[in-house]
Amino acid sequence: MKNFEVEFSSDRNIRIEQGQSLLEASLAAGIPHFHVCGGNARCSTCRVLILAGKEQLSTRNEKEIHESADAAVKSGYEILENLEQLNRDYFTKNFDQRINLGISIHTGTVVAGEIRIGNKKQLLVMGYPVNVAARLQNATKELNNNFIISSEALEIPDKLLSDYPSSVIHLRGIAEPVNVHLLGRSYENGHT
Ligand code: FES
């Protein structure tokens, strides 16, 4: 079996066996590591930032993929809730106006990195899934639903999300129709 040496920044180097998770190895070595759900891909508290050697990581397992979709959905709802509060406490109150927002979630392999423009750093994400996500975001208007997720992003059927209505849409410049779940609310009923 293969062994790897992993350096925990600001801590020490430990040996990890092939197939062992970073969480299991760090705990076995006595390195404090939050793990509220016990490493079951439910809470994100064990998340680590890989500074180098990403190519040595195994591909994400089903649980981890599911966790990413859950985290993205949670973030989307938080954004909409915060915007609702801002609308209520500021825009509606002071200007009798609201700001609307449409959110879409999709998945796929992308190229991501930071670029420097002048002295500002910006995160740049490129690739076909980004185009699909942007068109899905646009489609929130056509579907009159402010939060949608592609079935592909769910990958593993989630009991909770499968209760939401779904729709098949055709996106400009994208050959295959995309199946989406509608997680949000109508633009017209004044949620956003
Ligand atoms: S401990 Fe890792 S996701 Fe919960």
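Four residues of domain 1 are in contact with five residues of domain 2 in this predicted model. On the side of domain 1 that touches domain 2, one residue is nonpolar, two are polar and one is charged. The domain assignment places domain 1 at residues 3-56 and domain 2 at residues 62-182. If you take the centres over C-alpha atoms, the two domains sit 29 Å apart.

Let's move to helix α3, which covers residues 128-142. A quick check of its geometry is easy to follow: at 1.5 Å a residue, its 15 residues should span 21 Å, and the C-alpha atoms at its ends are indeed 21 Å apart, so expectation and model agree. Which residues of α3 are buried? They are Val-132, Ala-133, Leu-136, Ala-139 and Thr-140. These residues cover an arc of only 115° around the axis, so they lie on the same side of α3. The spacing along the chain fits a simple rule: an α-helix has 3.6 residues a turn, so residues three or four places apart point the same way.

And what do the buried residues of α3 pack against? Their partners are four strands: β3 (103-105), β6 (147-150), β7 (166-169) and β8 (178-182). After α3 comes Asn-144, which has a positive phi, near 50°.

The picture changes at strand β4, residues 111-117. How many of its seven residues are buried? The count is zero, which leaves β4 hardly covered. This strand does have a partner, though: seven bridges join β4 to β5 (residues 120-126), and the two run antiparallel. Within this pairing, Val-111 stands opposite Met-126 in β5. The hairpin formed by β4 and β5 has two residues between the strands, and Gly-118 takes a positive phi there, near 65°.

One more stop is Asp-96, found in the loop between α2 (62-95) and β3. Is Asp-96 buried or exposed? A residue counts as exposed if 12 or fewer other C-beta atoms lie within 10 Å of its own. Asp-96 has 7 other C-beta atoms within 10 Å, and therefore it is exposed. To place Asp-96 in the wider model, look across to His-33: the two are 63 residues apart along the chain, and 48 Å separate their C-alpha atoms.

Key: Residues are numbered from 1 along each chain as its sequence is written. This is a predicted model: local features need pLDDT of at least 70, side-chain atom pairs count only at pLDDT 80 or more; totals for chains, interfaces and linings use all residues. The expected span of a helix is 1.5 Å times one less than its number of residues. A residue is buried if 20 or more other C-beta atoms lie within 10 Å of its own, exposed if 12 or fewer, and partly exposed in between; C-beta atoms are placed from the backbone. The arc is that of the directions from the helix axis to the C-beta atoms. Two residues are in contact if their C-beta atoms, placed from the backbone, lie within 7 Å. Domain bounds come from an automatic or database domain assignment. Ala, Val, Leu, Ile, Met, Phe, Trp, Tyr, Cys and Pro count as nonpolar, Asp, Glu, Lys and Arg as charged, and the others, Gly among them, as polar. Two strands pair if DSSP finds at least two bridges between them.
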